[in-house]
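Visitor: I would like to learn how to read a sheet and the cores around it. Could we work through one case together?

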Amino acid sequence: MATTQSQMVADAYTARTGRAVELVGVTTFGDVSKAHLAQLGGTGVFVSALRDKLMEGEIDFAVHSLKDLPTKQDPRVTLAAIPARHDHRDALVGRVRFADLAPGARVGTGSPRRVAMLRAMRPDLEYVPIRGNADTRIGKVTSGELDAVVLASAGLTRIGRTSEISQIFEVEELMPAPGQGALAVECLSDREDLVDFLAVLDDPRTRSAVTAEREVLAALEAGCSAPVGAFAHDDGQTLNLTALVVAVDGRRAVRKSTAGSPSEAVSLARTLADEMISEGADRLMGEHSH
């Protein structure tokens with residue numbers, strides 16, 4: 001998936017600028033380790049490995065899934081472009097829709113956010129932590145080890161596996177991770193030539209939306225280890241933002257929405273997070289079940 005999305009971005013730059021872009025494969029500890037991602041410090045292991053290559057001058061720019069980037073910005077690197085976002089939603093890969101899964105069916109996902117939100121809808125199912133690439137995860141359904149797995153719709157589209165989707169969850173059912181479906185193009189802050197070059201793929205509406213989503217996460221992160229979902233949409237005039245914090249057991253949740261000017265994405269998000277905390281979002285922590 002990483003190779004596919006990097007190639008898509010490389011091709012887009014070549015199409016826009018006529019400049020050739022060479023893909024450099026980087027194997028990270030996260031790719032080779034069998035430990036749970038949660039124990040490795042989450043998807044951050046992939047990000048820091050690519051950032052190291054930037055620092056060493058081995059690559060000029062890196063392409064990340066935006067939802068994997070830490071919310072705290074590293075001053076050495078610049079988020080030079082956030083291209084137009086793909087589908088932000090989560091997808092179920094299985095033989096039937098979520099509502100039609102038999103009680104006790106086994107659903108695989110590596111995300112505490114997805115588990116908590118799915119559990120809120122179907123506490124009668126068994127949620128199994130899984131990792132590995134999308135093909136590996138889908139294989140567990142094909143082999144019958146699991147009844148279904150939940151993955152990001154955008155990722156399945158990028159690797160051409162949409163035919164196996166039995167349901168796409170709307171935001172009302174399963175609130176996506178902040179930044180889900182968007183890519184991030186990152187380079188060293190002091191490479192002004194590159195910052196300018198990379199900016200041609202930046203999509204301002206996507207940027208304001210995902211900035212708001214990630215700012216909610218950043219504002220909640222300090223006092224809240226419960227799963228957080230957020231989704232914003234910028235129609236050019238108004239930015240609509242909704243966020244959801246769910247207790248790990250799926251039993252309690254705090255959900256809030258707001259709207260305002262896209263230029264105020266950060267302050268809108270911070271205000272929303274404050275309101276959520278005052279409604280008890282920070283008390284939904286509970287025990288994390290990894």
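Visitor: Which residue is the bridge partner of Val 246 in E11?

Guide: Bear in mind that this is a predicted model. Ala 253 of E11 is the bridge partner of Val 246. That pair belongs to a longer ladder: strand E10 (residues 239-246) runs antiparallel to E11, with 8 bridges between them.

Visitor: In what order do the strands of the sheet lie?

Guide: The order is E9-E10-E11, an open sheet of 3 strands with antiparallel pairing. Strand E9 (228-234) and strand E11 (253-260) each have a single partner strand, so they are the edges, and one side of each lacks a neighbour in the sheet. On average, neighbouring strands are turned by 10° against each other, direction ignored.

Visitor: Which helices pack on the sheet?

Guide: Helix H4 (residues 112-121) touches E9 and E10, and its direction makes about 95° with that of E9. Helix H9 (residues 265-278) touches E10 and E11, at about 150° to the direction of E11.

Visitor: Which residues of the largest nonpolar core touch the most other members?

Guide: They are Val 216, Leu 220, Leu 239, Leu 241, Val 245 and Met 276, in a core of 24 residues. Helix H8 (204-221), E9, E10 and H9 each supply at least two residues, and H9 gives the largest share, 6 residues.

Visitor: What does Leu 220 touch?

Guide: Leaving aside residues up to four places away in sequence, Leu 220 touches Val 228, Val 245, Ala 273, Met 276, Ile 277 and Ala 281. Another core, of 20 residues, lies apart from the largest one and includes Ala 105, Leu 118, Leu 125 and Leu 244.

Notes. Residues are numbered from 1 along each chain as its sequence is written. This is a predicted model: local features need pLDDT of at least 70, side-chain atom pairs count only at pLDDT 80 or more; totals for chains, interfaces and linings use all residues. Side-chain values use heavy atoms; hydrogens and water are left out. Two strands pair if DSSP finds at least two bridges between them. Helices (H or I, at least four residues) and strands (E, at least two) are DSSP runs, numbered from the N terminus. Axes are lines fitted to C-alpha atoms, for helices over the stretch in contact, and angles run from 0 to 180 degrees between N-to-C directions. Contact means heavy atoms within 4.5 Å. A nonpolar core is a set of buried Ala, Val, Leu, Ile, Met, Phe, Trp, Tyr and Cys residues joined through side-chain atoms within 4.5 Å. Buried means under 20% relative accessible area, exposed over 50%, partly exposed in between (1.4 Å probe, protein chains only).
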